[in-house]
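Work through the exercises below with the sequence and the coordinates open beside you. Try each task on your own before reading the solution that follows it.

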Amino acid sequence: MNSNKLAVKGFITILTGLYSFQDCVHFLASVRKFHREPIIILIDRVPLILYPLLQVFGNVILKPAPSNENPVLASRQAKLALYGESLFEKTIYMDCDICLLSPIDEVFDFLDGVDLLVTEDVQPAIAKAANLLRVKQDILSTLQSVGLPLNANSIQYNGGFIAFTKSSKTQELFINFKKYFEMVVAHQNVLLLKDQGAFAAAVESVKPKMTTLSPVYNYLDKWKDVYTIDKPIKVMHCTYPYRPQYAKNVTRSLFTRIVDRTATIFLPNQLNNPWRLK
């Protein structure tokens, strides 16, 4: 690929540390079942010997993610870098614990005329987003006290699915995303190490031209009782370590079965990931 010219469209994901390696293999298998576009993986703290297991899916571009001992923080920092690291005019970012259940070509089409496509979190109201705080106190005023420009109408978007175009407005969004996430990191005494609050603040301050997509494009099966939908699910967000059977069926092959079998022996268990508690 000519680095001086952007490809029209492609996918990007993040793999920081071995905890998510098995998920990433299934992610790649699901995307390749329906799409041939290039897939960028921002990668860190994965042994080079394992890279061929990712590249076997074809047209996979491995780029170094910001390095950090804490793979969770590294993944957050990589998300801040998505705009700069994308080689595409139209980019679909998905967490690597996502599984496509059908093609999503239309998402690239939805980007015509907008800067950003997102999906709401299962708890969209920022004022009720207790998942962002370490402490039990008023949520909105706490977020505001650390410098995040949020209000009672601000929305929490789920960062597992973000589609964007290369535009000055999107670039400004990611610049502000980084600025506000640094505020989150600086206030770890009250805030959890999550990016949704910073992303919501960036959207609030930049106000890009955007569309909020249906939950079928970022369906968290673990919280299926929260949704009311009447259309087929296209993007299954499995959330560690929960992978429902129909997601397994999409990616099942001899290769993924071998990876799954050896993962129980050689890869760390996500349930025991100590960085999730930090």
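The exercises that follow concern a predicted model, and they move from the sheet to single residues.

**Exercise 1. Determine the order of the strands in the open sheet, and state which strands lie at its edges.**

Step 1. Following the pairings from one side to the other, one finds 7 strands in the order β3-β2-β1-β4-β7-β6-β8, and the pairing in this open sheet is mixed.

Step 2. The edge strands are β3 (60-64) and β8 (210-213), each of which pairs on one side only.

Step 3. If direction is ignored, neighbouring strands of this sheet are turned by 30° against each other on average.

**Exercise 2. Describe the surroundings of strand β1 (residues 7-16), beginning with its burial and going on to its partners β2 and β4.**

Step 1. Strand β1 is mostly covered, since 8 of its 10 residues are buried.

Step 2. On one pairing, β1 runs parallel to strand β4 (residues 88-94) and is joined to it by 5 bridges; here isoleucine 12 stands opposite tyrosine 93.

Step 3. On another pairing, β1 runs parallel to strand β2 (residues 39-44), this time with 6 bridges, and isoleucine 12 stands opposite isoleucine 40.

Step 4. The chain passes from β1 to β2 through helix α1 (residues 21-34), and this β-α-β crossover is right-handed.

Step 5. Helix α3 (residues 71-80) lies across β1, β2, β4 and β7 (155-165), and its direction makes an angle of about 160° with β1.

**Exercise 3. In which sense does strand β6 (residues 116-125) pair with β8, and in which sense does β6 pair with β7?**

Step 1. As general background, strands of a sheet pair through backbone hydrogen bonds, either parallel or antiparallel.

Step 2. The pairing of β6 with β8 is parallel and extends over 4 bridges, with threonine 119 standing opposite leucine 213 in β8.

Step 3. The pairing of β6 with β7 is antiparallel and extends over 5 bridges, with leucine 116 standing opposite phenylalanine 164 in β7.

**Exercise 4. Classify the aromatic pair formed by phenylalanine 11 and phenylalanine 108, and place both residues in the chain.**

Step 1. A pair of aromatic rings is described by the distance of the centres and the angle of the planes.

Step 2. The count of aromatic pairs in the model comes to 11; in the pair formed by phenylalanine 11 and phenylalanine 108, the rings are 5.5 Å apart centre to centre with 70° between the planes. Planes over 60 degrees apart count as edge-to-face, so the pair formed by phenylalanine 11 and phenylalanine 108 is edge-to-face.

Step 3. The pair links distant parts of the chain, with phenylalanine 11 in strand β1 and phenylalanine 108 in helix α5 (residues 105-110), 97 residues apart.

Step 4. Buried means under 20% relative accessible area; phenylalanine 11 is therefore buried at 0%, and phenylalanine 108 also counts as buried, at 1% relative accessibility.

Step 5. Ring pairs also link Tyr83, Tyr157, Phe164, Phe174, Phe177 and Phe199 into a cluster.

**Exercise 5. Is histidine 237 buried or exposed, and with which side chain does its own side chain make a polar contact?**

Step 1. Histidine 237 is found in strand β10 (residues 235-237).

Step 2. Its relative accessible area is 4%, and histidine 237 is therefore buried.

Step 3. The side chain of histidine 237 makes a polar contact of 3.0 Å with the side chain of aspartate 97.

Step 4. When neighbours within four places in sequence are left aside, the residues in contact with histidine 237 include Asp95, Asp97, Asn158, Asn218 and Asp221.

**Exercise 6. Examine the phi values of arginine 45 and asparagine 59, and locate both residues.**

Step 1. The background needed is that most residues other than glycine have a negative phi, and most peptide bonds are trans.

Step 2. Arginine 45 has a positive phi near 60°; this residue is found in the loop between β2 and α2 (51-55) and is partly exposed, with a relative accessible area of 47%.

Step 3. Asparagine 59, which is not a glycine either, has a positive phi of about 55°; asparagine 59 lies in the loop between α2 and β3 and is partly exposed, with a relative accessible area of 42%.

How values were computed: Residues are numbered from 1 along each chain as its sequence is written. This is a predicted model: local features need pLDDT of at least 70, side-chain atom pairs count only at pLDDT 80 or more; totals for chains, interfaces and linings use all residues. Side-chain values use heavy atoms; hydrogens and water are left out. Buried means under 20% relative accessible area, exposed over 50%, partly exposed in between (1.4 Å probe, protein chains only). Helices (H or I, at least four residues) and strands (E, at least two) are DSSP runs, numbered from the N terminus. Two strands pair if DSSP finds at least two bridges between them. A crossover is right-handed if, with the strands pointing away from the viewer, the path from the first strand over the helix to the second runs clockwise. A polar contact is a pair of N or O atoms within 3.5 Å; within protein, one must be able to donate a hydrogen and the other to accept it, and residues adjacent in sequence count only if both atoms are side-chain atoms. Contact means heavy atoms within 4.5 Å. Axes are lines fitted to C-alpha atoms, for helices over the stretch in contact, and angles run from 0 to 180 degrees between N-to-C directions. Rings of Phe, Tyr and Trp (its six-membered ring) pair if their centres lie within 6.5 Å; planes under 30 degrees apart count as stacked, over 60 as edge-to-face and the rest as tilted.
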